[in-house]
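Hello,

Here is the structure for you to look through. My notes on it follow below.

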Amino acid sequence: MTANEWLPLAVLASSLLPGLIIFVLPEGWIGLRTTLNLVGAIAKLVLVGVLLAGVAAGTEYGVRLAVLPGLDLAFKADALGLLFITLSAVLWLFTTLYAIGYLEGAPHRSRFFGFFSLCVTATMGIAMAANLFTFFVFYELLTLSTFPLVVHRGTDKAMKGGTIYLAYTLAGGTALLTGIVWLHHLLGHTEFAHTGIAAALGPEQAIQLKTIFLLLIAGVGVKAALVPLHGWLPQAMVAPAPVSALLHAVAVVKAGAFGIVRIVYEIYGVEFAQALDLLTPLAILAAITIVWGSFRALFQDDLKKRLAYSTVSQVSYIALGVALFGPIGTIGGLVHLVHQGIMKITLFFCAGNYAETLGIHKVSEMDGAGRRMPLTTIAFTIAALGMIGVPATAGAVSKAWLSAGAAAAGMGWAVWVLWTSSLLNAAYFLPILWRVWFRPRLLAWPDEHIPARPWHETAWLLLLPPLITATFTLAFGLFADSPASPLAWAKLIAEREYRAQRSDAPASPPHE
Amino acid sequence: MTGLILLPLAWASLAFVLGPGRGKWLAIGGLSAQAWLAFDLAAKVGAGGTALLHPVGGWGAPLGIDLAADGLSAVMLLLVQCIALPLAIHAGAYFKRGDAAGAYFWPLAGFLIAGLNALFLSADLFNLYVTLELVGLAAVGLVAAGGGAQQVAAALRYLFATLVGSGLYLLGVALIHGAYGTVSIAILTPLVTSDAPRLVWIAGGLMLAGLMVKTALFPFHTWLPSAHGNAPAPVSALLSALVVKASFYLILRLWLGPLAPLTSAIAWLPALLGALAILWGSWQAIRAERLKRLIAYSTVAQLGYLFLIFPLLPGTDALEAGIMQAFAHGLAKAAMFVAAGVIIEATGRESVMDLSGAAGHLPLTLFAFGLAGMTLMGLPPSAGFLAKWLLIEAALDRGHWGLVAVVLAGGLLAAVYVFRVLRQAFLLAPADAVVKSVPRRLEWVAFLLAAASVLLGLRGVDLVRLLGAGA
Amino acid sequence: MSLAFDVLLALSLIWSGVRCLSVERLDRAIVLFIAFGLLMALAWARLAAPDIGLAEAAIGAGLTGALLLDAWGALKRRRP
Amino acid sequence: MRRLLVGSGAAVFAVLLIGALLEPLPGGIDLRIAVASHMAASGVEHPVTAVLLNFRGYDTLLEIAVLLLAVIVILAGGLDPAVDRPRAANPILQSLARLATPPMIVVAVYLLWAGAFRPGGAFQAGAVLAAAAVLLHLTGLLPSWQRPALSLRWGMTAGFLIFLAVATGLLAQGALLRYPPAQAGLLILLVEAGLTVSLGLILAGLFLFLSRDPGDEE
Amino acid sequence: MTSGLLFASTGALLFALGLAGVILIAHLLRRILAFNVMGSGAFLILVGLAQDNDIPDPVPQAMVLTGIVVAVAATALALALTRRLHALTGEVELPRDEA
């Protein structure tokens, strides 16, 4: 086995093995558990770094294992996959740090971190899947490994949220499976390829292909929280804050969005999907989701619920980008995959901090929190402004490319959708910012935990992660043109995805 | 090949001579040797690509009885030894010294396993009847052993079902013998044609019906939940994982062998019953009050999948789907019953509603239960998923969308009852809950079996290759 | 002549079979069953199967009959 | 309603079956010739015994296992602490039973020996032995069995173990139970002798283990 | 009609009778009787059908001998369980299964 073959497996193993060991560790072995977690997370980052360098240089990483005759579990690390892998690996490290701080002293931590690691392993598998079959395997594993995290608190409310989560995702998985087996039956394989593979079938199969597309998108759309399949996401906010981070930024909704990208680009191929008239309905669905999510977010008093609806809306930016025929839209969608993750995880970290430190769960309780927890609130503010798309933040970059992509694809209406959404974003985030910074505190905090050292506004493990991710939010906006930015990588992907199908990759960024 | 029959017969009878409660190490030693023999046989069959034949007495059919091992037999034998050995280790820890239920466990289990191995190797219809009786009576004995009224009633219910089943089968054999003068499968197969006399059609129907009763196919399933739901955990595991598969195997043998020219007309009947079994069994599992009864009804449902393959036979992937399902369910169900045994032992409660907090106290067991549940739900990467995949592909191959729908619906229903348990277990424990400590070995057996049912999903290709040998 | 005997024997078999399953009293049913076993032994003899005849008489009628009677006794004694 | 349904179903089935039985059948394989031509190598002269212990001896091996299994199941079923009911001790019956026992044993031995060339054999012999035991029990001379002692367990299992050992030993001949024609007679007699004793004990056991009256309150 | 076929037909009737009995009769002891009648029917067919012209065929005869012994084993077992059930509950019929 060559290095190019085992590297992808090592990426999986770097979270799988620590996870399995953690499962059987006695609850009290905190030191070893923490070490395992961090060693795994850092090892993964190192491995991902090696992969990034290799893929940028054009090396191909891949390995496959026959599961049934004609059916392979296959992995590859390509530019698109690495975008997702890098995002998850980086955020996993911060989420782990945050979770260690957040769960200090809580029961069942071995179980929690075990499933946590499995969850990330599943995400890595999704990112590196070289065919739809492998994608599905890890997609379902992700469902299963997140369920125990969602219900971790063991309360009736947690169970309700968990059950709804399962009902949606398992039903979605069933649709996805149907589509995949059907496709496999028609094509004999489901390997991802830059030009797509569905075009190999003749036009007489158009109806079947459209039905399969519907099934596949319904399957991944559940996790991507496309309206009307989004109902689980607001319910799942009962989970502990690190799990919300996982659901909204690191793994679950991202897996769905990533699935849409793979299916459109590498199963159907953009050209063929366009020829089958699949892109416009997808764009419309994404647009509806964007507006509806933002609209619902307006009316949520529960902070995490508001953030959850915001996710519903923001993740569909990715789907919209994918559905905009042309490389500029693609770049916008892909870069938002990263940007949304960075921004949303910051928001959830901060929400967790408010809840843990002050007992704040509702927007209406947040008056004056900025003065009590200035650092947390600064991070929150940066991320919220990013979500709105204020210039100099990562969000602005995404929206600029998406708008340009919509214009280039001749879908002027999508530009309006983006503007509407930005206005709604502002409408549900700015009141929060106003409350935390400018409204005076009149009442006592609902449930305040005084930190051990009073000059810290909260435990440093809880504070550090949001500050770092907030910094990223700014950096990715300010230095979008740097070759190390997510935008540069998204361009690389778009170039590779389109090189096979279209000649001209975009050279210059659109004007903002 | 003969070692797989002789060894368990020997250790079973010696365990009886040793006396009540004794024979554990004899059994574990014997089963280890058997496991080696089964792998060896699989390797030989797989390498040679043809069936191995052993004419008992040196006479050869039709005068004598032939033993035959092809890929299908080899797979089933592997299944038996791979499940029996861990279960023996489990049972060794489960039954305490002086436990009435365990007093004769070893000889009974030995005869059961001997009967199963003999059944999977036999190529003679009447000899198969004897092995069926050996398996059936040993299984009844295991259910009844040392039990109270409920267990005895369950055993009696089971006894009559299995006797009716073997009676119908025996009559079928008698008619076949009357028509052709032989009971050797190999000789009968070319003799039976689609213009066979009516007697042969009746015989085929009787044999299949009898075996369906023994496999607890809906609507003949009524004996199963009480038998599997009331027996001690290792017994339930043996019964659900292996015993019902034996009669299914025989149905498959007949269907693909001597009865092949007669079955095309009725191929939809087993599939229809199988579909009803999936729906009804799952529904009952969803409603069941006791944990073990839930698992037993899940067996009723999972057996239904086995019968969905009949309209797809012979065809690509269909047989593979059935056997993969049998294998996956065997491992997973054994794991699940063992896990349930651990939970009941630890909490002292049998009802699903009383499971709150179990996940906190018995994380490994619950994890095992979850893994086994994955296989039952057919979620990847488990072997149950591969079975589902193969089944759906085979159904698509023939354009049978109805079967696809049933398979998918069954998976979702399974999720409902599996998560019903997991959900309850994840709830916080009531303050007054007392949890006994259980030997870790019990937990590990459940985990290993469950993990095997999942990991087999990564090596399905080997199973399929072996299955193709000598078919 | 021998066919007539066979027919008579077959009819008696059926009659005793039906009766032993339908008769009201359990003890009579068991006795009828033993008679059924003995008739079976005769039938085996008529079918040129003396080995089975012997076994049927000894095991089928004899031992099974004894077991049944003993069980009947036990069930009856304990009837409240 | 259920009675009517099942009853008429059974009737229809019987009619169909009889109809099919009376149809002419194509001539099948006739094993009588094969049996006859291999009798010389079977080691016995009675065809049924040859089939039972040689040609299809494997069936018989498993059948003994079933019988042994039945005893084990009865024991495993959980015997209550037994109250052995004293049988009505009728002195005349007792002396009759005492008188009858030795001849019954002789008959058993005869049947065993006769099985080689005429109807009879281990099963019938074992049954006679069991009958003797039952007779002794019914007259109150032999108490019912409580818990099988080691010797009794050996006795019930010995026949099966001898059979199993012979079957396994003959693997050296190239196949399970492949008797070399020269020694076949002797080996079969050995197996049958073992089986007679064990079958006698097992069949008696079926009765004597059961024939207790657990929890008889009187 | 040969006597073989006559007894085979008798066997068919007895089998059907026994089968109906096993299904319909609730009293366990009677059900055991029915099972034995059913078995006898199958045995008669096995030998009777092979006996079309009065020369005996030892192979089905040996099979029936095996079958009879198996049937006795099953009967003894059934009786043991019936007695055990009666000792525990005082019932001679199976209780209803739990829901």
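**What the model shows**

Chain C averages a pLDDT of 90, and 95% of the residues score at least 70. Those are confidence scores, since this is a predicted model. Among the elements of chain C, helix H2 (residues 26-46) has the highest mean pLDDT, at 94. Helix H3 (residues 50-77) of chain C has the lowest, at 88.

**Which chains touch**

Six pairs of chains touch, and chains B and D share the most contacts among them. Chain A does not touch chain C; their nearest C-alpha atoms are 51 Å apart. Chain A does not touch chain D either; there the nearest C-alpha atoms are 37 Å apart.

**Chains D and B**

This contact takes 47 residues from chain D and 49 residues from chain B. Where on chain D do they come from? Five helices of chain D each supply at least two residues of the side that touches chain B: H1 (2-22), H2 (31-42), H3 (47-55), H4 (57-76) and H7 (150-169). H4(D) gives the most, with 14 residues. By type, the side of chain D that touches chain B divides into 30 nonpolar, ten polar and seven charged residues.

**Chains A and B**

Here the contact takes 29 residues from chain A and 27 residues from chain B. On chain A, strand E1 (61-68), helix H5 (132-150) and helix H6 (156-187) each supply at least two residues of the side that touches chain B. H6(A) provides the largest share, eleven residues. The side of chain A that touches chain B has 19 nonpolar residues, eight polar and two charged.

**Overall form of chains B and D**

Start with chain B. Its secondary structure comes to 20 helices and two strands. The radius of gyration of chain B is 21 Å, and the globule rule gives 23 Å for 471 residues. The two values are close, so chain B is as compact as a globular protein of that length. Its C-alpha atoms fill a box of roughly 70 × 55 × 40 Å along the principal axes. Buried residues make up 72% of the 471 residues in chain B. Take the contacts in chain B between residues at least 6 apart in sequence: 80% of them join residues at least 24 apart.

Now chain D. It has eight helices and zero strands. Is chain D compact or spread out? Its radius of gyration is 22 Å, well over the 17 Å that the globule rule gives for 218 residues, so chain D is more spread out than a compact globule. The C-alpha atoms of chain D fill a box of roughly 65 × 60 × 35 Å, again along the principal axes. Buried residues make up 49% of the 218 residues in chain D. Among contacts in chain D between residues at least 6 apart in sequence, 79% join residues at least 24 apart.

**Helix H5 of chain D**

Helix H5 of chain D covers residues 91-114. How far should its 24 residues span? At 1.5 Å a residue, the expected figure is 34 Å. The end C-alpha atoms of H5(D) are 35 Å apart, which agrees. The helix does have a kink, of about 30°, at Thr101(D). That lies shortly before the proline Pro102(D).

Which residues of H5(D) are buried? They are Ala97(D), Ala108(D), Leu111(D) and Leu112(D). In an α-helix there are 3.6 residues a turn, so residues three or four places apart point the same way. What covers the buried residues of H5(D) includes helix H6 (122-138) and helix H8 (181-210) of chain D.

**One residue in chain A**

Last, take a look at Gln300(A). It is found in the loop between helix H12 (279-297) and helix H13 (303-323) of chain A. Why does Gln300(A) count as partly exposed? Gln300(A) has 19 C-beta neighbours inside 10 Å, and a residue needs 20 or more to be buried and 12 or fewer to be exposed. Leaving aside its neighbours within four places in sequence, Gln300(A) is in contact with Lys305(A), Arg306(A) and Tyr309(A). Ala158(A) is 142 residues from Gln300(A) along the chain, and their C-alpha atoms are separated by 19 Å.

Best wishes

Technical notes
Residues numbered from 1 in each chain as written. Chains lettered and ligands numbered in written order. Predicted model: local features only at pLDDT ≥ 70, side-chain atom pairs only at ≥ 80, totals over all residues. Contact = placed C-beta atoms within 7 Å. Helix = DSSP H or I, 4+ residues; strand = E, 2+ residues; numbered from the N terminus. Nonpolar A, V, L, I, M, F, W, Y, C, P; charged D, E, K, R; others polar. pLDDT = per-residue confidence, 0-100. Expected span 1.5 Å × (residues − 1). Bend = angle between axes of the 7 residues up to and from the residue. Rg over C-alpha atoms; globule rule 2.2 N^0.38 Å.
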